[in-house]
Amino acid sequence: MLNDKRNRKFSRTAILVVSVLAVFLFASATLAQVDVGLEEVGETTGLSGQDIRITIAKIIRNAFALLGIIAVGIFVFAGYTYMTAGGDAGKVETAKAWMKNAVIGILIMLSAFGITQFIINQLEGAFYGRGGRGIVDGIPFDPLSGSLGRGIVQTHYPARNETDVPRNTMISITFKEAVLVEDIIEGDLINVENIRISTSAERDDGPYLENVYARVTEDHRTFVFDPQDLLGSSGENTWYTVMLESDIDLADGTPAFGGAFADGYMWEFEVSTVLDLTPPRIESVVPRSGTHPRNIVIQINFDEPVDPTSAQGSGNLVVSSAGVLAGEFSVGNGYRSVEFQTDDLCGMNSCGGEVYCLPANSDIAVLVRAASLGIDPPASFGFPYDGIVDMVGNSFDGNNDGTASGPPDDNFEWTFQTSNTIDLTPPTIESITPDVDEGSVELDAPINITFSKVMSVTTLDTRNVSLLTSPMYELWYDTRSTNLDDFGEPAGREDNPTKTRLEIKHGVFAPSIPETRFDYFPGVSSGAKDVMQNCYFPGSGGICEASPDIPYCCNGRPSADRCEYL
């Protein structure tokens, strides 16, 4: 009888322990909903690179898993006791009580385990973001994202996970190579078999937007999608998903998506409740004034993305010197920058690449045209545009008065002079963050690279800038550039910038886990050029003094051979 009482007391104690742990679980869940400053504790202890609240929740989950195993063991032992009772009524009752309590304990711990896993998923979702993202074996998994950067996708607008996107936005995507146009455009509309645009809540089964006009630039690399109906609603923000299916082919007929990224590409953005009625303006230009080497590239930087079909090969930008100069316009930097390079070959850079020049000892005039206004300014008259417009179709505000007046009032023109010299000095890298071999880097830390000269921002894209991982996992990345003045501040409209800062935007880094160390390798290839068309070669600067004989900079050290991770 004494043993029966002890057994019942032990069973009640086990249930009490489970209950206390359940209360602790819910208390932790409550704390997880508010910012109590625990991130700093996680950083101080150095336990891992993930949020300390996630670590606590996982410890609780593992504790419940262990208790569940113990409860199953109790049930098995109770069954054994029942089977071997030999008709002893006391043992039979004790075994029944143990089995009953074990079943109750198992049910409680299964529920607690499920609740804990739900909380972990919510915490990881808040920590790593939304859009179907999660954690697989400790690695942040952003499905169908790797084609941006390492794959065929060079950039797009809106950006991944961008918020406050206006309802009247257009959508643009640029590929690294020419794409088969009919795979993207069917008539004047998007090919809904390959381009699926929907609210994120409907992305699996639709409906998908069909009334979306589509157009393409002359090089068949950049496409603009123009929904004829406003996105979202005036009452609440709405998340949208754009899915590029795997059946899209390059111009030569080979699949655009291949290898690890063969399933296509998907991204999300959040549409606000308002319309964009602000016209685009010029943020800075290169060169602003004075006399410059004749191999300089003309660069125009806007304060927001512009429609690339209004700025590339359309006649809306004109460079002249005793007549219009022949050359090529290119769009980059997240559709915020346009550059012009002539077709007059005049030299070779340090990579053996061709350098093109403006007329020597000449006055060069650059004209940026505003688009004609429609019936509802600042919106333009419509496509085909006769001037620069932003990604909602607002006409360019050239006189910077905050109002779109159309041409000629809002046309913007400036002049500069060329010398008879050619600048063939390659750029160097002055600084990088994070530093070489730096540890304990924040999982969302930006990667910044500052060059010694003003760079051609259209070459600082994911064709020439890389971000590799070891071990490899699906990590997207994209680039943005800012010109700086002598004080390291962003150059303004009246400034002559002196250098450029490149930012590599990226998905969330993988946190440290006991089994795996993750290393990251940002890289800049010789395809990156300054505005004098000089390539980044040798790879020298403040972090690495490379030379023509030892031209590569690998993890901060000069090398005669190409870096293994590039």
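What follows is a short dialogue on reading confidence, sheets and a pocket in a predicted model.

User: Before I click around, what ground rules apply to this model?

Analyst: It's a predicted model, where local features need pLDDT of at least 70, side-chain atom pairs count only at pLDDT 80 or more, and totals for chains, interfaces and linings use all residues. Residues are numbered from 1 along each chain as its sequence is written, and side-chain values use heavy atoms, with hydrogens and water left out.

User: How do I read the pLDDT here, and where does it stay under 50?

Analyst: pLDDT is the predictor's confidence in each residue, from 0 to 100. Where it is low, the predicted coordinates should not be read in detail. In this case the protein chain has a mean pLDDT of 85, with 84% of its residues at 70 or more. Residues 10-51 stay under 50, and the model gives them 51 contacts (heavy atoms within 4.5 Å) beyond four places in sequence. Residues 124-131 are also below 50, with 23 contacts beyond near neighbours in sequence.

User: Next, sheets. In what order do the strands of the antiparallel one run?

Analyst: Strands of a sheet pair through backbone hydrogen bonds, either parallel or antiparallel. Strands here are DSSP runs (E, at least two residues), numbered from the N terminus, and two of them pair if DSSP finds at least two bridges between them. The open, four-stranded antiparallel sheet has the order 23-24-27-26. Strand 23 (429-433) and strand 26 (477-484) are its edges, each pairing on one side only. Strand 26 joins strand 27 (residues 499-506) through eight antiparallel bridges, and T479 stands opposite I504 there.

User: Which strands make up the sheet with mixed pairing?

Analyst: That open sheet has four strands in the order 4-12-11-8. Its edges are strand 4 (162-165) and strand 8 (195-199). Strand 4 runs parallel to strand 12 (residues 265-271), joined by two bridges; one partnership is E162 with F269.

User: And the second largest pocket: what lies closest to its centre?

Analyst: Rolling a probe the size of a water molecule over the atoms shows where empty space is left. A pocket is an open set of points on a 1 Å grid over the protein atoms alone where a 1.4 Å probe fits, with protein on both sides within 12 Å along at least five of seven lines; lining residues have an atom within 4 Å of a point. Of the 35 residues lining the second largest pocket, S330, T458, T459, D461 and R463 are the closest to its centre. Strands supplying at least two lining residues each include strand 17 (327-332) and strand 26.
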